[in-house]
Amino acid sequence: MIKKEIPFTVEIYATSEELTIADATLLASARAITSAAYAPYSNFKVGAAALLSNGSIVTGTNQENASYPVGICAERVLLSTVASQFGGVGIITMAISYDNLKGESKHPISPCGICRQSLSEYEERTNQPIRIILSGLGGEVYIIEKAQQLLPLTFSLLDIK
Ligand code: THU
């Protein structure tokens with residue numbers, strides 16, 4: 001038996017003021033677009049903004065439904081938009097933020113497991129690492145260099161070939 005460490009590195013910034021202008025701008029877009037979320041059930045409005053390899057910026061928000069499982073997270077709304085409208089284009093960076101109408105929005109958001117799986121596959125199929133910027137409307141900002149880091153031992157298309 002051997003034990004293997006799988007490294008996970010996160011950069012932690014005290015506030016968005018410590019970010020580069022490009023990252024701060026993308027995070028500002030994610031924070032702003034939270035207001036477009038449709039989240040009448042959770043009151044947890046999530047906004048995502050992506051910088052594409054062609055220079056475009058695309059945004060997405062969570063869209064809930066009275067039939068709860070029908071709802072879709074902001075990250076996957078965004079990935080579907082990019083895949084459909086900019087087919088094959090890589091995502092350089094995705095910023096994700098939230099407005100918690102029931103509480104504070106100071107702690108960095110953590111993408112759900114389904115979104116981690118989707119992000120990982122988009123990264124793989126476009127052969128472009130996706131940098132992930134996580135934050136609330138204020139407070140600390142986490143940056144992860146590659147979405148796949150959020151999901152060690154990922155089940156991927158390589159497993160079913
Ligand atoms: N949600 C997202 O859109 N992204 C995440 O990373 C976490 C959760 C949404 C799903 C649901 O509409 C609401 O937030 C509460 O879970």
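Which side chains meet in a salt bridge with 2.9 Å from N to O? Keep that in mind while you get your bearings; the tour comes to it shortly.

**Stop 1: the whole chain**

What you have open is a predicted model. Color it by secondary structure and you'll find three helices and six strands. Trace the chain along its sequence and the pattern goes β-α-β-β-α-β-α-β-β. Now show just the C-alpha trace and turn it around: along its principal axes it spans about 45 × 40 × 35 Å. The radius of gyration is 16 Å, which agrees with the value near 15 Å that a compact globule of 161 residues would have. Of those 161 residues, 40% count as buried.

**Stop 2: the salt bridges**

Time for that opening question. Select D23 and R131: their side chains meet in a salt bridge, 2.9 Å from N to O. D23 sits in helix α1 and R131 in strand β5 (residues 131–135), so this pair ties together parts that are 108 residues apart in sequence. Both D23 and R131 are buried. R131 has a relative accessibility of 19%, and buried means under 20%, so R131 makes the cut.

Keep R131 selected and add E145. These two side chains also meet in a salt bridge, this one at 3.7 Å from N to O. Since E145 lies in the segment after β6 and R131 in strand β5, the pair ties together parts that are 14 residues apart in sequence. E145 is partly exposed, at 39% relative accessibility. Show D23, R131 and E145 together and you're looking at a network of salt bridges.

Next, select E123 and K146. They form another salt bridge, with their closest N and O atoms 3.2 Å apart. E123 belongs to helix α3 (residues 113–126) and K146 to the segment after β6 (141–144), so here parts that are 23 residues apart in sequence are tied together. Buried or partly exposed: which is K146? K146 is partly exposed, with a relative accessible area of 34%, while E123 is buried at 4%. In total, the chain has four salt bridges.

**Stop 3: a look inside**

Go to A50, which is found in strand β2. With a relative accessible area of 0%, A50 is buried. Now add I96 and draw a C-alpha to C-alpha distance: A50 and I96 are 8.8 Å apart in space, though 46 residues apart in sequence.

**Stop 4: the ligand**

Select the ligand and show its surroundings. Around it you'll find S42, F44, V46, N62, E64, C73, A74, E75, I109, S110, P111 and C112. Three of these are worth zooming in on:

- N62: one of its polar side-chain atoms lies 2.9 Å from an oxygen atom of the ligand.
- A74: here a backbone N or O atom lies 2.9 Å from a ligand oxygen atom.
- E75: an N or O atom in its side chain is 2.5 Å from an oxygen atom of the ligand.

How much of the ligand does the protein bury? Taken alone, the ligand exposes 370 Å², and the protein buries 77% of that.

**Stop 5: back to the surface**

Finish by selecting Y38, Y41 and Y68 and turning on the surface. Together they make a nonpolar surface patch of about 360 Å². Zoom in on Y38, in the loop between α1 (21–33) and β2 (44–52). At 42% relative accessibility, Y38 counts as partly exposed.

Key:
Residues numbered from 1 in each chain as written. Predicted model: local features only at pLDDT ≥ 70, side-chain atom pairs only at ≥ 80, totals over all residues. Heavy atoms only, no water. Patch = residues over 30% accessible without salt bridge, like charges linked within 9 Å, V, L, I, M, F, W, Y side chains within 5 Å. Areas by Shrake-Rupley, 256 points an atom, 1.4 Å probe, with all protein chains shown as cover. Helix = DSSP H or I, 4+ residues; strand = E, 2+ residues; numbered from the N terminus. Buried < 20%, exposed > 50% of the residue type's maximum accessible area, 1.4 Å probe, protein only. Near = heavy atom within 4 Å. Polar contact = N/O pair within 3.5 Å; in protein donor to acceptor, adjacent residues only side chain to side chain. Rg over C-alpha atoms; globule rule 2.2 N^0.38 Å.
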